[in-house]
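Trainee: Got a minute to look at a model with me?
Mentor: Sure, put it up.
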Amino acid sequence: MKLLFKNATVFPITSKPFVGDVLVEDGKISKVGQIKPTRSVEVIDLEGKFLLPGFIDAHAHIGLYPEGLGSTESEGNETTDPVTAHLQALDAFYPEDESIKKALSGGVTTAFVVMGSGNPVGGMGFIAKFKGKTVMDMCLVNPAGVKMALGENPKRVYSEKKMMPTTRMGTAAVIRTFLLKSQDYMKKKEQALKEGKEFLERDPKYEVGEKLLKRELPARIHAHRMDDIVTAIRLAEEFNLRIVLEHCTEGYRVADLLASKKIPVVAGPLMTFATKLELRNMTMEALKILVEKKVLVALMCDHPVIPLEFASVQAATAMRYGMKEEELLKMLTINPAKILGLEERIGSIEVGKDADLVVWSGHPFDMKSVVERVYIDGQLVYSK
(Lines give C-alpha, C1' and ligand atoms only; values in the text may rest on other atoms or scores of the structure.)
Protein backbone atom coordinates (compact mmCIF):
# COMPACT_ATOMS: atom_id res chain seq x y z
CA MET A 1 0.00 0.00 0.00
CA LYS A 2 1.26 3.45 -0.95
CA LEU A 3 0.26 6.69 0.77
CA LEU A 4 1.27 10.16 -0.35
CA PHE A 5 0.93 12.91 2.23
CA LYS A 6 0.77 16.11 0.17
CA ASN A 7 1.30 19.78 0.95
CA ALA A 8 1.94 19.37 4.68
CA THR A 9 4.20 21.44 6.89
CA VAL A 10 6.64 18.61 7.53
CA PHE A 11 8.85 18.48 10.63
CA PRO A 12 11.55 15.89 9.83
CA ILE A 13 13.21 16.68 13.24
CA THR A 14 16.72 15.94 11.94
CA SER A 15 16.46 18.77 9.41
CA LYS A 16 14.50 22.00 9.07
CA PRO A 17 10.71 22.03 8.56
CA PHE A 18 9.43 22.47 5.01
CA VAL A 19 6.18 22.48 3.09
CA GLY A 20 6.05 19.36 0.96
CA ASP A 21 5.27 15.68 0.71
CA VAL A 22 6.03 12.30 2.27
CA LEU A 23 5.57 9.00 0.43
CA VAL A 24 4.93 5.80 2.38
CA GLU A 25 5.35 2.31 0.88
CA ASP A 26 4.91 -0.96 2.75
CA GLY A 27 4.95 0.75 6.12
CA LYS A 28 8.19 2.66 5.47
CA ILE A 29 8.98 6.21 4.43
CA SER A 30 10.26 5.94 0.85
CA LYS A 31 10.50 9.58 -0.30
CA VAL A 32 10.50 13.01 1.30
CA GLY A 33 10.30 16.33 -0.55
CA GLN A 34 8.27 17.38 -3.59
CA ILE A 35 6.62 14.26 -5.03
CA LYS A 36 4.34 13.82 -8.02
CA PRO A 37 1.43 11.43 -7.40
CA THR A 38 0.90 8.33 -9.53
CA ARG A 39 -2.23 6.26 -10.10
CA SER A 40 -1.19 3.56 -7.63
CA VAL A 41 -0.91 5.99 -4.72
CA GLU A 42 -3.58 7.13 -2.26
CA VAL A 43 -3.15 10.89 -1.90
CA ILE A 44 -3.91 12.58 1.42
CA ASP A 45 -3.96 16.36 1.07
CA LEU A 46 -2.64 17.99 4.22
CA GLU A 47 -2.57 21.61 3.14
CA GLY A 48 -2.51 23.76 6.27
CA LYS A 49 -1.74 20.73 8.47
CA PHE A 50 1.43 19.74 10.31
CA LEU A 51 3.05 16.33 9.85
CA LEU A 52 5.41 15.05 12.54
CA PRO A 53 6.92 11.72 13.54
CA GLY A 54 5.13 9.93 16.35
CA PHE A 55 6.23 11.04 19.79
CA ILE A 56 8.21 8.57 21.90
CA ASP A 57 8.16 8.37 25.69
CA ALA A 58 11.22 6.51 26.98
CA HIS A 59 9.79 5.91 30.47
CA ALA A 60 6.11 5.12 31.01
CA HIS A 61 3.93 2.86 33.16
CA ILE A 62 1.04 2.80 30.71
CA GLY A 63 -0.80 -0.52 30.72
CA LEU A 64 0.57 -1.34 34.19
CA TYR A 65 -1.72 1.11 36.00
CA PRO A 66 -4.84 0.74 33.83
CA GLU A 67 -7.09 3.77 33.78
CA GLY A 68 -10.32 3.44 35.74
CA LEU A 69 -9.58 0.01 37.23
CA GLY A 70 -8.43 1.22 40.65
CA SER A 71 -5.38 0.51 42.78
CA THR A 72 -6.23 -3.19 43.18
CA GLU A 73 -5.53 -3.67 39.48
CA SER A 74 -2.14 -1.93 39.61
CA GLU A 75 0.64 -4.10 38.22
CA GLY A 76 3.46 -1.61 38.62
CA ASN A 77 5.49 -3.00 41.53
CA GLU A 78 6.13 -6.52 42.86
CA THR A 79 7.19 -5.36 46.34
CA THR A 80 7.77 -8.79 47.85
CA ASP A 81 11.53 -8.91 47.27
CA PRO A 82 14.05 -6.08 46.80
CA VAL A 83 15.54 -7.91 43.78
CA THR A 84 13.06 -8.97 41.10
CA ALA A 85 15.31 -8.68 38.06
CA HIS A 86 13.55 -11.57 36.33
CA LEU A 87 10.15 -9.85 36.14
CA GLN A 88 8.93 -8.71 32.73
CA ALA A 89 6.63 -5.72 32.38
CA LEU A 90 5.34 -7.45 29.25
CA ASP A 91 3.62 -10.05 31.46
CA ALA A 92 1.59 -7.40 33.29
CA PHE A 93 0.72 -5.10 30.39
CA TYR A 94 -3.01 -4.53 29.81
CA PRO A 95 -3.48 -3.76 26.10
CA GLU A 96 -7.04 -2.48 26.58
CA ASP A 97 -5.95 0.34 28.89
CA GLU A 98 -8.02 3.38 27.84
CA SER A 99 -4.88 5.48 28.19
CA ILE A 100 -3.44 3.95 25.03
CA LYS A 101 -6.06 5.51 22.77
CA LYS A 102 -5.67 8.78 24.65
CA ALA A 103 -1.89 8.61 24.17
CA LEU A 104 -2.47 8.31 20.42
CA SER A 105 -4.74 11.35 20.61
CA GLY A 106 -1.70 13.23 21.92
CA GLY A 107 0.55 12.02 19.12
CA VAL A 108 2.45 9.41 21.17
CA THR A 109 3.05 6.22 19.19
CA THR A 110 5.84 4.47 21.10
CA ALA A 111 6.84 4.02 24.74
CA PHE A 112 9.33 2.16 26.89
CA VAL A 113 6.97 0.46 29.34
CA VAL A 114 8.61 -0.27 32.66
CA MET A 115 7.68 -1.24 36.20
CA GLY A 116 7.75 1.23 39.07
CA SER A 117 10.54 2.12 41.47
CA GLY A 118 9.53 0.16 44.56
CA ASN A 119 12.46 -2.26 44.32
CA PRO A 120 16.20 -1.58 44.02
CA VAL A 121 16.16 -4.03 41.09
CA GLY A 122 12.68 -4.08 39.65
CA GLY A 123 12.76 -6.05 36.41
CA MET A 124 12.75 -5.71 32.64
CA GLY A 125 10.80 -3.22 30.57
CA PHE A 126 9.82 -3.46 26.91
CA ILE A 127 9.25 -1.08 24.00
CA ALA A 128 5.70 -0.88 22.68
CA LYS A 129 4.13 0.65 19.61
CA PHE A 130 0.47 1.43 20.22
CA LYS A 131 -1.08 -0.70 17.49
CA GLY A 132 -3.00 -3.96 17.40
CA LYS A 133 -5.01 -5.75 20.08
CA THR A 134 -2.54 -7.85 22.06
CA VAL A 135 0.67 -7.13 23.87
CA MET A 136 2.55 -9.11 21.22
CA ASP A 137 1.03 -6.91 18.49
CA MET A 138 2.42 -3.91 20.35
CA CYS A 139 5.77 -5.30 21.48
CA LEU A 140 8.70 -3.95 19.47
CA VAL A 141 11.62 -4.98 21.70
CA ASN A 142 11.61 -7.19 24.79
CA PRO A 143 13.51 -6.95 27.04
CA ALA A 144 14.81 -3.45 26.45
CA GLY A 145 16.28 -2.45 29.81
CA VAL A 146 16.41 -3.34 33.51
CA LYS A 147 14.74 -1.03 35.99
CA MET A 148 16.69 -0.11 39.12
CA ALA A 149 15.85 2.48 41.75
CA LEU A 150 17.75 4.60 44.26
CA GLY A 151 16.47 7.13 46.75
CA GLU A 152 13.25 7.38 48.71
CA ASN A 153 10.96 4.91 46.97
CA PRO A 154 12.68 1.59 47.81
CA LYS A 155 13.56 2.97 51.27
CA ARG A 156 9.89 3.70 51.97
CA VAL A 157 8.64 0.35 50.68
CA TYR A 158 11.05 -1.77 52.69
CA SER A 159 11.07 0.41 55.82
CA GLU A 160 7.37 -0.40 56.10
CA LYS A 161 8.26 -4.10 55.84
CA LYS A 162 11.14 -3.68 58.33
CA MET A 163 13.61 -5.30 56.01
CA MET A 164 16.64 -4.18 53.98
CA PRO A 165 16.96 -1.67 52.39
CA THR A 166 15.84 1.09 54.74
CA THR A 167 18.67 3.48 53.86
CA ARG A 168 20.46 4.72 50.77
CA MET A 169 23.53 2.68 51.65
CA GLY A 170 21.26 -0.35 52.01
CA THR A 171 19.75 0.23 48.57
CA ALA A 172 23.17 0.53 46.93
CA ALA A 173 24.33 -2.59 48.79
CA VAL A 174 21.33 -4.60 47.52
CA ILE A 175 22.15 -3.64 43.92
CA ARG A 176 25.87 -4.29 44.41
CA THR A 177 25.22 -7.69 45.99
CA PHE A 178 22.96 -8.66 43.10
CA LEU A 179 25.66 -7.76 40.59
CA LEU A 180 28.40 -9.54 42.55
CA LYS A 181 26.27 -12.69 42.73
CA SER A 182 25.65 -12.32 39.00
CA GLN A 183 29.42 -12.30 38.44
CA ASP A 184 29.78 -15.47 40.51
CA TYR A 185 26.92 -17.06 38.59
CA MET A 186 28.63 -16.28 35.29
CA LYS A 187 31.87 -17.87 36.51
CA LYS A 188 30.04 -21.06 37.49
CA LYS A 189 28.33 -21.22 34.13
CA GLU A 190 31.58 -20.60 32.24
CA GLN A 191 33.36 -23.29 34.28
CA ALA A 192 30.61 -25.84 33.55
CA LEU A 193 30.81 -25.13 29.84
CA LYS A 194 34.61 -25.28 29.93
CA GLU A 195 34.37 -28.76 31.48
CA GLY A 196 31.81 -29.83 28.91
CA LYS A 197 29.09 -30.19 31.56
CA GLU A 198 25.48 -29.14 31.37
CA PHE A 199 24.81 -26.11 33.59
CA LEU A 200 21.98 -27.15 35.90
CA GLU A 201 21.86 -24.18 38.28
CA ARG A 202 19.99 -21.71 36.09
CA ASP A 203 18.59 -18.76 38.02
CA PRO A 204 16.39 -16.28 36.14
CA LYS A 205 17.50 -13.35 38.31
CA TYR A 206 21.18 -13.87 37.56
CA GLU A 207 20.50 -14.57 33.90
CA VAL A 208 19.35 -10.95 33.80
CA GLY A 209 22.37 -9.86 35.83
CA GLU A 210 24.56 -11.54 33.22
CA LYS A 211 22.89 -9.49 30.47
CA LEU A 212 23.62 -6.33 32.45
CA LEU A 213 27.25 -7.26 33.06
CA LYS A 214 27.74 -8.15 29.41
CA ARG A 215 26.21 -4.77 28.48
CA GLU A 216 23.48 -6.52 26.48
CA LEU A 217 20.86 -4.56 28.43
CA PRO A 218 21.11 -1.08 29.95
CA ALA A 219 20.36 -0.39 33.59
CA ARG A 220 17.56 2.17 33.71
CA ILE A 221 18.26 3.78 37.09
CA HIS A 222 15.64 5.88 38.87
CA ALA A 223 17.50 8.70 40.67
CA HIS A 224 16.24 12.15 41.66
CA ARG A 225 18.74 13.61 44.12
CA MET A 226 22.27 14.59 43.17
CA ASP A 227 23.90 12.07 45.54
CA ASP A 228 21.73 9.26 44.12
CA ILE A 229 22.72 10.27 40.59
CA VAL A 230 26.40 10.06 41.55
CA THR A 231 25.81 6.70 43.27
CA ALA A 232 24.26 5.40 40.03
CA ILE A 233 27.36 6.50 38.13
CA ARG A 234 29.69 4.88 40.68
CA LEU A 235 27.79 1.58 40.49
CA ALA A 236 27.86 1.71 36.70
CA GLU A 237 31.62 2.25 36.65
CA GLU A 238 32.24 -0.41 39.29
CA PHE A 239 30.50 -3.04 37.13
CA ASN A 240 30.99 -1.51 33.65
CA LEU A 241 27.24 -1.13 33.09
CA ARG A 242 25.44 0.79 30.38
CA ILE A 243 23.09 3.15 32.19
CA VAL A 244 20.30 5.60 31.51
CA LEU A 245 19.26 7.94 34.31
CA GLU A 246 15.52 8.16 34.90
CA HIS A 247 14.02 11.47 36.18
CA CYS A 248 17.45 12.89 37.11
CA THR A 249 15.73 15.78 38.88
CA GLU A 250 18.95 17.28 40.25
CA GLY A 251 21.00 16.31 37.22
CA TYR A 252 21.42 19.99 36.39
CA ARG A 253 23.64 20.24 39.49
CA VAL A 254 26.10 17.71 38.03
CA ALA A 255 25.51 18.42 34.34
CA ASP A 256 29.23 18.61 33.56
CA LEU A 257 29.73 15.14 35.06
CA LEU A 258 26.86 13.68 33.05
CA ALA A 259 28.18 15.26 29.87
CA SER A 260 31.76 14.10 30.43
CA LYS A 261 30.59 10.51 30.94
CA LYS A 262 28.07 10.67 28.07
CA ILE A 263 25.23 9.42 30.26
CA PRO A 264 21.78 9.89 28.71
CA VAL A 265 18.88 11.22 30.76
CA VAL A 266 15.13 10.66 30.55
CA ALA A 267 13.98 13.75 32.43
CA GLY A 268 10.67 14.60 33.99
CA PRO A 269 7.88 14.79 34.71
CA LEU A 270 8.00 18.58 34.79
CA MET A 271 4.37 19.56 35.35
CA THR A 272 4.18 18.36 38.93
CA PHE A 273 5.11 19.58 42.40
CA ALA A 274 7.47 18.31 45.09
CA THR A 275 5.51 15.34 46.43
CA LYS A 276 8.53 14.10 48.40
CA LEU A 277 11.69 15.44 49.96
CA GLU A 278 14.01 14.43 47.13
CA LEU A 279 12.08 16.67 44.70
CA ARG A 280 12.52 19.89 46.67
CA ASN A 281 15.24 21.18 44.31
CA MET A 282 13.20 20.50 41.17
CA THR A 283 13.35 23.32 38.63
CA MET A 284 11.94 23.88 35.18
CA GLU A 285 15.32 25.32 34.14
CA ALA A 286 16.94 21.87 34.47
CA LEU A 287 16.33 20.91 30.83
CA LYS A 288 17.97 24.07 29.56
CA ILE A 289 21.08 23.49 31.69
CA LEU A 290 21.41 19.86 30.60
CA VAL A 291 21.02 20.73 26.91
CA GLU A 292 23.57 23.53 27.15
CA LYS A 293 26.04 20.99 28.56
CA LYS A 294 25.36 18.65 25.59
CA VAL A 295 23.69 15.90 27.63
CA LEU A 296 21.41 13.66 25.55
CA VAL A 297 17.97 14.28 27.06
CA ALA A 298 14.53 12.80 26.41
CA LEU A 299 11.38 14.05 28.12
CA MET A 300 9.09 11.66 29.97
CA CYS A 301 5.55 12.08 31.27
CA ASP A 302 6.01 9.23 33.76
CA HIS A 303 2.48 8.15 32.84
CA PRO A 304 0.17 8.07 34.77
CA VAL A 305 1.78 10.96 36.70
CA ILE A 306 1.14 13.06 33.60
CA PRO A 307 -1.07 11.24 31.09
CA LEU A 308 0.78 10.55 27.85
CA GLU A 309 -1.81 12.50 25.88
CA PHE A 310 -0.30 15.67 27.38
CA ALA A 311 3.28 15.05 26.23
CA SER A 312 3.18 18.07 23.91
CA VAL A 313 1.63 20.26 26.61
CA GLN A 314 4.41 19.47 29.06
CA ALA A 315 7.06 20.17 26.42
CA ALA A 316 5.44 23.45 25.40
CA THR A 317 5.44 24.58 29.02
CA ALA A 318 9.22 24.24 29.12
CA MET A 319 9.52 27.03 26.53
CA ARG A 320 8.53 29.46 29.28
CA TYR A 321 11.79 28.59 30.98
CA GLY A 322 14.20 29.13 28.11
CA MET A 323 13.97 25.89 26.15
CA LYS A 324 13.94 26.11 22.36
CA GLU A 325 11.15 24.57 20.31
CA GLU A 326 13.48 22.48 18.16
CA GLU A 327 15.26 20.99 21.19
CA LEU A 328 11.97 20.06 22.84
CA LEU A 329 10.73 18.37 19.68
CA LYS A 330 13.93 16.31 19.66
CA MET A 331 13.25 15.32 23.29
CA LEU A 332 9.92 13.87 22.17
CA THR A 333 11.25 12.10 19.07
CA ILE A 334 14.83 11.44 17.98
CA ASN A 335 16.43 11.72 21.44
CA PRO A 336 14.31 8.98 23.05
CA ALA A 337 14.79 6.92 19.88
CA LYS A 338 18.56 7.17 20.39
CA ILE A 339 18.28 6.28 24.08
CA LEU A 340 16.19 3.23 23.16
CA GLY A 341 18.64 2.24 20.41
CA LEU A 342 15.99 2.67 17.71
CA GLU A 343 17.15 5.84 15.95
CA GLU A 344 17.51 3.93 12.68
CA ARG A 345 13.79 3.05 12.75
CA ILE A 346 11.81 5.79 14.52
CA GLY A 347 12.06 9.34 15.81
CA SER A 348 12.24 11.35 12.58
CA ILE A 349 10.78 11.61 9.08
CA GLU A 350 13.55 10.18 6.92
CA VAL A 351 13.73 7.73 4.05
CA GLY A 352 13.85 4.13 5.24
CA LYS A 353 12.31 4.74 8.65
CA ASP A 354 9.03 3.33 9.96
CA ALA A 355 6.05 5.36 8.82
CA ASP A 356 4.95 6.42 12.31
CA LEU A 357 3.35 9.72 11.35
CA VAL A 358 1.01 12.13 13.11
CA VAL A 359 -1.19 14.71 11.43
CA TRP A 360 -1.74 17.79 13.60
CA SER A 361 -4.21 20.58 12.91
CA GLY A 362 -1.46 23.06 13.83
CA HIS A 363 1.86 23.18 15.64
CA PRO A 364 1.81 20.62 18.51
CA PHE A 365 2.96 23.27 20.98
CA ASP A 366 -0.07 25.42 20.16
CA MET A 367 -2.71 24.56 22.77
CA LYS A 368 -5.46 24.84 20.14
CA SER A 369 -3.88 22.15 17.96
CA VAL A 370 -5.30 18.63 17.94
CA VAL A 371 -4.16 15.33 16.51
CA GLU A 372 -6.35 14.47 13.53
CA ARG A 373 -4.77 11.19 12.41
CA VAL A 374 -2.08 8.79 13.57
CA TYR A 375 -0.32 6.21 11.40
CA ILE A 376 1.94 3.46 12.74
CA ASP A 377 3.93 1.49 10.19
CA GLY A 378 1.81 3.21 7.55
CA GLN A 379 -1.47 1.94 9.03
CA LEU A 380 -4.14 4.33 10.31
CA VAL A 381 -4.56 3.62 14.05
CA TYR A 382 -6.34 6.79 15.20
CA SER A 383 -8.55 9.43 13.61
CA LYS A 384 -10.48 12.22 15.27
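Mentor: Let's talk through one strand and then some aromatic pairs.
Mentor: This is a predicted model, where local features need pLDDT of at least 70, side-chain atom pairs count only at pLDDT 80 or more, and totals for chains, interfaces and linings use all residues. Residues are numbered from 1 along each chain as its sequence is written, and side-chain values use heavy atoms, with hydrogens and water left out.
Trainee: Which residues cover the two faces of strand β14?
Mentor: L357 and V359 sit on one side, V358 and W360 on the other, and all are buried. Buried means under 20% relative accessible area with a 1.4 Å probe, protein chains only. Strands are DSSP runs of E, at least two residues, and helices runs of H or I, at least four, numbered from the N terminus.
Trainee: And what does β5 do with β14?
Mentor: They pair antiparallel over 4 bridges, with L52 opposite V358. Pairing needs at least two DSSP bridges between the strands.
Trainee: New topic: how many aromatic pairs are there?
Mentor: The count is 7. Rings of Phe, Tyr and Trp (its six-membered ring) pair if their centres lie within 6.5 Å; planes under 30 degrees apart are stacked, over 60 edge-to-face, the rest tilted. F55 and W360 have centres 5.9 Å apart and planes at 40 degrees, so that pair is tilted.
Trainee: Why does that pair tie together parts 305 residues apart in sequence?
Mentor: Because F55 lies in strand β6 and W360 in strand β14.
Trainee: Is F55 buried or exposed?
Mentor: Buried, at 1% relative accessibility.

How values were computed: Buried < 20%, exposed > 50% of the residue type's maximum accessible area, 1.4 Å probe, protein only.
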